[in-house]
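Welcome! Here are some short exercises with worked solutions, to be done with the picture in view. Try each task yourself before reading on.

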Amino acid sequence: MAQSDVMSSFWRGVRHGVPFILVVGPFALLFGVIAAEAGLHVTEALAFSVVVIAGAAQFTALQLMGENAPTWVVLLSALAVNLRMVMYSASLTPHLGGIALWKRGLVAYFLVDQAYAVSILEYERDPDASPAVKFAYFIGVVLPIVPFWYGLTAAGALVGAAIPPELGLDFALPIAFIAMIAPALRTNAHRAAATVSVILVLCLTWIPFNLGLIIAALGGMATGAEIERRYGL
């Protein structure tokens, strides 16, 4: 394996990751603003993003904390939102399971939605690429994303409520997930899981503390797994 192949894969990952800055930037700013409004100091908001590095779970936790939800509900809800990371990990294992332990640790830490969505499509296009080439691509994708997530979280916390609400920064989250999920709904199992989870979460909005989200996530995963088990689709 030539070093040039690794570097080429790395820079291709960087190019593919750069467009996500347009989504991650407003999303990070919004989280920083909300964190500041919730009473978190700039360093606390930044630490939240650095340690958790999972936007949807962070927003969920902040919302529930603002509603004075029990600690166990905050933790359970955040974990439920991040259950998809377990599926991401299982999906990436055939491609990256053979790399060194410290590299797997980096992948685990930087396993954000954007990095997974872009990387798994790349791996499926070139399944015979070496683990080193695949790892380089993954790191290339996250390189432009993560610093913006950290930096703009801090910026949002610093600016706080000074950012006018009419900027509509909350558009970033739904657009990001639509852009990532839609191309991945390639099988009947995928589409059924997405459909059932959406229907359930809409029907269960009356359940307090966002617990309907947990039920919807479990229902969607169970549906997709059962269809794949029965029909292999």
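**Exercise 1. A residue in its surroundings**

In which helix is Gln-58 found? Work out also whether Gln-58 counts as buried or exposed.

Solution. Keep in mind throughout that this is a predicted model.

- Step 1: Find Gln-58 in the model; helix α4 holds this residue.
- Step 2: Look up the relative accessibility of Gln-58, which is 0%. Buried means under 20%, so Gln-58 counts as buried.
- Step 3: List the neighbours. Leaving out residues up to four places away in sequence, Gln-58 touches Phe-31, Phe-48, Ser-49, Val-52, Ile-53 and Trp-149.
- Step 4: Compare sequence and space. Ala-35 lies 23 residues from Gln-58 in sequence, and their C-alpha atoms are 9.3 Å apart.

**Exercise 2. Another residue of the helix**

Decide whether Gly-66 is buried or exposed.

Solution.

- Step 1: Gly-66 has its place in helix α4.
- Step 2: The relative accessible area of Gly-66 is 59%. Exposed means over 50%, so Gly-66 is exposed.
- Step 3: From Gly-66 to Glu-37 the C-alpha distance is 9.7 Å, with their positions 29 residues apart in sequence.

**Exercise 3. Two packed helices**

Describe how α2 and α4 pack, and name the residues that make the contact.

Solution. Two numbers are needed, because packed helices are described by the angle and the distance between their axes.

- Step 1: Helix α2 spans residues 21-37 and helix α4 spans residues 55-66; their axes come within 11 Å and cross at roughly 20°.
- Step 2: Angles under 35 degrees count as roughly parallel, so α2 is roughly parallel to α4.
- Step 3: The handedness of this α2 and α4 crossing is left-handed.
- Step 4: On the α2 side, the contact is made by Phe-27, Leu-30, Phe-31, Ile-34 and Ala-35, while α4 brings Gly-55, Ala-56, Gln-58, Phe-59 and Leu-62.
- Step 5: Sorted by class, the residues of the α2 and α4 contact are 8 nonpolar, 2 polar and no charged.

**Exercise 4. A second pair**

Which residues of α5 meet α13?

Solution.

- Step 1: Locate α5 at residues 71-81 and α13 at residues 211-231; the two axes come within 9 Å and cross at roughly 35°.
- Step 2: The crossing of α5 and α13 is left-handed.
- Step 3: From α5 come Val-73, Leu-76, Ser-77, Ala-80 and Val-81, and they meet Leu-211, Leu-213 and Ile-214 of α13.
- Step 4: The contact of α5 with α13 has 7 nonpolar residues, 1 polar and no charged ones.

**Exercise 5. A backbone angle to notice**

Where is Ile-53 found, and what is its phi near?

Solution.

- Step 1: Ile-53 sits in the loop between α3 (42-52) and α4.
- Step 2: Most residues other than glycine have a negative phi.
- Step 3: Phi of Ile-53 is near 40°, a positive value in a residue other than glycine.
- Step 4: With a relative accessible area of 7%, Ile-53 is buried.

**Exercise 6. The whole chain**

How many helices and strands does the protein chain have?

Solution.

- Step 1: The count gives 13 helices and 0 strands.
- Step 2: Of the 233 residues in the chain, 42% count as buried.
- Step 3: Among contacts with a separation of 6 or more, 77% join residues 24 or more positions apart.
- Step 4: The chain exposes about 12,100 Å², and carbon and sulfur atoms supply 71% of this area.

Definitions and conventions. Residues are numbered from 1 along each chain as its sequence is written. This is a predicted model: local features need pLDDT of at least 70, side-chain atom pairs count only at pLDDT 80 or more; totals for chains, interfaces and linings use all residues. Side-chain values use heavy atoms; hydrogens and water are left out. Helices (H or I, at least four residues) and strands (E, at least two) are DSSP runs, numbered from the N terminus. Buried means under 20% relative accessible area, exposed over 50%, partly exposed in between (1.4 Å probe, protein chains only). Contact means heavy atoms within 4.5 Å. Accessible areas come from the Shrake-Rupley method with a 1.4 Å probe; for residues, only the protein chains shown count as cover. Axes are lines fitted to C-alpha atoms, for helices over the stretch in contact, and angles run from 0 to 180 degrees between N-to-C directions. Angles under 35 degrees count as roughly parallel, over 145 as roughly antiparallel, 65 to 115 as roughly perpendicular and the rest as oblique. A crossing is left-handed if the near helix is turned anticlockwise from the far one by less than a right angle, and right-handed if clockwise. Ala, Val, Leu, Ile, Met, Phe, Trp, Tyr, Cys and Pro count as nonpolar, Asp, Glu, Lys and Arg as charged, and the others, Gly among them, as polar.
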